[in-house]
Amino acid sequence: MVFNIAGQILGFMGSLCLLLFGMNMLSNGIQKGAGRGLQKLLSKITGNRFYAVLTGLGITALIQSSGATTVMVVSFVNAELLTLSQAIGVIFGANIGTTVTAWIVSFFGFSFSISAAALPLFGFGFILKYFKKFRIHNFADCFMGFALLFMGLGLLKESLTLGDATKELLSTISGWGLPGILLGVLIGAAITALIHSSSAMTAIVLTMAANGSLSWDLSAAIVLGSNIGSTVDAVMSSFGATTNARRTAFVHVAFNVSGTLLALLVFTPFLKLIDFIIPGNPSENITTHIAMLHTIFNLCATLIFLPFVNQIALIATRLVPDSKKEEDAHYHMPAIIPYTRMSADLYAPQIHSEISKMASKVMEMFDSICNSFLNSKSDTQVVETETEKVEILENYVDEMNSAISGFLEKCSRQPNANSKDRSHFSKLIHITDTLENLSDETCSLMHTAKKYISGKYYDSSDARTKEIQDYLELVRVFFEQACMFFTMGITQEEKNAGEDLEQQIDDKKRKLKKASRKRLESGSEVKKELQYIDMVRKIEHAGDCVWTMMQEL
């Protein structure tokens, strides 16, 4: 008796894990093959809320995971590629898209031998792994995942044969009325949060309902509860993220909880509506009833709340205030912790956003040096103030480099990161390191400029000062171009033009050093000329850093 119970529990756990693994592999496979396409699709969402809903619906139906979609959305809001209002529409659509799994299980899971379809699918997916030349091998996990999903579902059907005592307990809960319904909602929410998959929870409910273990009322309550439990992924992904990303997660939780509460208020009429749409006794085709309930619930909730997207965004803004941490003097990367069901390359937008911010900090350092030369004549305190500012910025850039590089290394270790993703992340790590080196050179240059400007031989109207300003401006423009190419992309022709500009910087250094030597031979002050040459040398080193960055683009 004990061994039979233990065997049944272990069999259920094993089949559930196989089902979850299949769903995970299916999602990873689709994201590996179409990750960049999904990224472009999300990034092109406009202010049209209906388009946002359709986008969320389509992506979730494709990757079979509303959790992965919502994590993507939180990540894109975190990277400031989506506004809060746009994200709300995608979340609404994701809730509708997740109902596709229920229909797949309802149509295919109970009408024919699943193993008959699973084995050929798995074999086809395994063969695809060897077609790397045609770039279709990334979709291999998609077919293998579908096969494992079917196999897990088949085993789940066999392992979920409950005993008479358990069936009687579930029947008793169903007879409790409202308390039983509320308990069903709590059970659905808790188990879904535990297994991180409302799709898997729905598959369990469909299987138990199909073998007569769950009544129509209790099945509906558990499915409604699973919508609340599915928000755990968005909540977890928002830890450490920006305020708007946390607001997005808050909206997801509030939307699913509010929709469930509304459904519970009209629970009996709602079930009668489903019975009207799907005629016949629910016990005869209960899987279709459950799939329809899941779809109608999410459709109705979306139609109710969609007209109030802007008002929901306003409420979220007031309830989730701006964080004081974001105004801290130290850098805190608003990182979305790498999530195994999310394609690794989909982290690229938020990483690019942070690297762009890092580049802008280095540009501020450059501007401080330029400002020191321009205003030193009218205000001698400017150099001191700008030097302090550069030192603060340099420390901040160091912190950014450490945080961003660490996050990139985590992303490159993601199990669904392919060789192209890892190569891209490696380039980004080199770019952040180069920016950090450039900040070091700029900070050193600022201290040299401070000595030069504060020295007794300094003359703001001297030709040497004008030469340094022009040379500094040439490197600053070069860096400005590199930052633009990082954001917009670079062509080979533009890279060649960058190489020509780098050569101009080198030639300029030689020309300025030669002119300095001639002045020394003519009796110019040695200390003054040495400071001048030191400035020229460090400006040229900064130009080398910019060229190194451009080569990585």
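## Close-up views of salt bridges in a helical chain

Glu529 is buried, with a relative accessible area of 0%. We start from this residue in a predicted model, then step back to the whole chain and visit several charged pairs.

**Figure 1. Arg519 and Glu529 join two helices through a salt bridge.** The closest N and O atoms of Arg519 and Glu529 are 3.0 Å apart. The pair links distant parts of the chain, with Arg519 in helix α21 and Glu529 in helix α22 (residues 526-552), 10 residues apart. Glu529 counts as buried because its relative accessible area of 0% falls under the 20% cut-off.

**Figure 2. The whole chain, for orientation, is built with 22 helices and 0 strands.** Of the 553 residues in the chain, 52% are buried. Among contacts with a separation of 6 or more, 82% are between residues 24 or more positions apart. The chain exposes about 25000 Å², and 62% of that area comes from carbon and sulfur atoms. As you move on to the next views, keep in mind that the structure holds 13 salt bridges.

**Figure 3. Asp507 and Arg510 form a salt bridge inside helix α21.** Here the N to O distance between the two side chains is 2.3 Å. Both residues belong to helix α21 (residues 492-521), where they sit 3 residues apart, about one turn of the helix. Are these partners buried, partly exposed or exposed? Asp507 is partly exposed, at a relative accessible area of 36%, and Arg510 is partly exposed too, at 46%. Both count as partly exposed because their values lie between the cut-offs of 20% and 50%.

**Figure 4. Lys466 and Asp470 meet in a salt bridge within helix α20.** The side chains of Lys466 and Asp470 come to 2.9 Å, taken from N to O. Helix α20 (residues 463-488) holds both partners, 4 residues apart, or about one turn of the helix. Lys466 has a relative accessible area of 46% and is partly exposed. For Asp470 the relative accessible area is 36%, which also makes this residue partly exposed.

**Figure 5. Four residues share a network of salt bridges.** Which residues take part in this network? The linked residues are Asp367, Glu473, Arg476 and Glu480. Take a moment to find Arg476 in this view, along with the acidic residues Asp367, Glu473 and Glu480 of the network.

Note on methods
Residues are numbered from 1 along each chain as its sequence is written. This is a predicted model: local features need pLDDT of at least 70, side-chain atom pairs count only at pLDDT 80 or more; totals for chains, interfaces and linings use all residues. Side-chain values use heavy atoms; hydrogens and water are left out. Buried means under 20% relative accessible area, exposed over 50%, partly exposed in between (1.4 Å probe, protein chains only). Contact means heavy atoms within 4.5 Å. Accessible areas come from the Shrake-Rupley method with a 1.4 Å probe; for residues, only the protein chains shown count as cover.
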